[in-house]
Amino acid sequence: MKFTSNSSDLQRTLSKMGSVVSTKSPMPVLENILFDLRSNTLTMTATDLELSIIATLDVTGSEDGTVALPAKRLLDTIKELRDTSTTFLIDTTTNKIKITTDNGEYVLTGESAKEFPQVQQIKTTEDMLLESSSLKRIIHRTVFAVSVDELRPAMMGVLLQPRGKEITAVSTDGHRLVKLGFKLAKATLMKRDVVIPAKALNLVNRSIESGDVVLGVNETHIKFVQNKLTIISRLIDEAYPNYESVIPRENDKVMTVERDAMVSSIRRVALYSSATTHQVRLTLTKGKLAVSAQDIDFGGEAKEGVPCEYTNDDIEIGFNANYVLDILSHLDSEKISLRLSSPTKAGIISPVVPNDSDDIVMLVMPVRLNS
């Protein structure tokens, strides 16, 4: 097996695959990337059995073959090479790999391709076309709020609900919730609700480039295809919580504030909050927002005033600063509104001026105020 490739081209492709490679798997072969050379096309595959990525690269090939290469050493080596011609000579009998450049020679040992699990190119039953910037926008605005609690597997992914010319994407970890309605240029043929693992969406977000992306699903998997890249993930087979039931409908106390001003104030004041609760207190009076925090254990406290528009009754409510900052950092509106009803009910954060292509609502649960 022999081929030549530019090291920069190879690095660009391999860098998309590194996060899929297993490092603590009981199957050592999963620490490898499968190289399959056919004429002048090199197909590279990495998988952890739940998530797989397949990429093709144009090379100058002279001897076809298949071998599993150790991912970490390969990635580290290619990363350190300058933009140079790189030749791979692989003995598929001994799995010895020799990498040659103008300046040096590197030898490593791979594994037999027969040991590498076969990744099936799944047959999809429903497809949808999305422009990559739209898909990245959906991922960016939802995936940050998924749960990391393995006891609630459904919440470890993003719920995608295609409905004609609109997609609804939902994520929650029980402390915050994002509901994004995204308008499509034309109706999608996909009708099935799916829960996509956050790990898969993060990989898609890092890997896709400009252009269209085809999403396809069947009963158990979702596939993202763009040009010479395919990402396949198992869907989360758990019922998603009834998110509509937790979105309050009677939050009539509405504050409007500059997003950047609120972010800056919370960041400063949160430095004086408890390291355990990260609690900040928002006190709303007519025309004014006071942001305060107190660290009882170390005797620190801080308080700031932020100009706002507010004409309702006074209210005081506590939030985890990290959750509020996360939400605000994933909105791109200059002004945001915070809708409240009581100190024990969730607050709703949304842009004052909605985006033409999407409609977003973000919910954050309060925390009990310190006395």
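## Close-up views of a predicted model

**View 1. Helix α4 and its neighbours.** The buried residues of helix α4 pack against β4 (51–58), α3, β11, β14, β16 (221–226) and β17 (229–234). Please keep in mind throughout that this is a predicted model. Which residues of α4 are buried? They are A198, A200, L201, L203, V204 and S207. Two of these names return in later views: L201 in the lining of the largest cavity, and A198 in the lining of the largest pocket.

**View 2. The whole chain, for orientation.** Before going further in, it helps to step back. The chain holds six helices and 25 strands, and its C-alpha trace spans about 75 × 50 × 35 Å along the principal axes. Of the 371 residues, 51% are buried. Among contacts with a separation of 6 or more, 66% join residues 24 or more positions apart.

**View 3. An open sheet of eight strands.** Follow the strands across in the order β14-β11-β12-β13-β25-β24-β23-β18, where the pairing is antiparallel. Why is one side of β14 (194–197) and of β18 (253–258) left without a neighbour in the sheet? Each of these strands stands at an edge and has a single partner strand, so there is no neighbour on its other side. On average, neighbouring strands are turned by 20 degrees against each other, direction ignored.

**View 4. One strand pair, and two helices on the sheet.** Here β11 and β12 (residues 166–172) run antiparallel, joined by five bridges. As one example, Q161 has T168 in β12 as its bridge partner. Helix α4 (residues 198–207) packs on this sheet, where it touches β11 and β14, and its direction makes about 70 degrees with that of β14. Helix α5 (residues 259–270) also packs on the sheet, touching β18 and β23 (335–340). The direction of α5 makes about 90 degrees with that of β18.

**View 5. The largest cavity.** How much space lies in the largest cavity? The volume is about 80 Å³, and the count of cavities of 30 Å³ or more comes to one. Its lining has 13 residues, with L135, I138, L160, I196 and L201 nearest the centre. By class, 12 of the lining residues are nonpolar, one is polar and none is charged. β10 (126–131), α3 (132–142) and β11 (157–163) each supply at least two residues of this lining, and α3 has the largest share, with four.

**View 6. The largest pocket.** This pocket has a volume of about 370 Å³. M156, P197, A198, K199 and I236 are the closest to its centre among the 17 residues that line it. Two or more lining residues come from each of α4 and β17, and α4 gives the most, with three. What classes of residue make up the lining of the largest pocket? There are 10 nonpolar, two polar and five charged residues.

**View 7. K2 in strand β1.** Our last stop is K2, which sits in strand β1 (residues 2–6). K2 is partly exposed, with a relative accessible area of 32%. Leaving out residues up to four places away in sequence, K2 touches L37, T60, G61, S62, E63, T87, F88 and L89. For a link back to the pocket view, compare the position of K199: its C-alpha atom is separated from that of K2 by 34 Å, and the two residues are 197 residues apart along the chain.

Conventions. Residues are numbered from 1 along each chain as its sequence is written. This is a predicted model: local features need pLDDT of at least 70, side-chain atom pairs count only at pLDDT 80 or more; totals for chains, interfaces and linings use all residues. Side-chain values use heavy atoms; hydrogens and water are left out. On a 1 Å grid over the protein atoms alone, a cavity is a set of points where a 1.4 Å probe fits but cannot get out, and a pocket is an open set with protein on both sides within 12 Å along at least five of seven lines; lining residues have an atom within 4 Å of a point. Grid points are joined across faces, edges and corners, and a volume is the space filled by probe spheres set on the points. Ala, Val, Leu, Ile, Met, Phe, Trp, Tyr, Cys and Pro count as nonpolar, Asp, Glu, Lys and Arg as charged, and the others, Gly among them, as polar. Two strands pair if DSSP finds at least two bridges between them. Axes are lines fitted to C-alpha atoms, for helices over the stretch in contact, and angles run from 0 to 180 degrees between N-to-C directions. Contact means heavy atoms within 4.5 Å. Buried means under 20% relative accessible area, exposed over 50%, partly exposed in between (1.4 Å probe, protein chains only).
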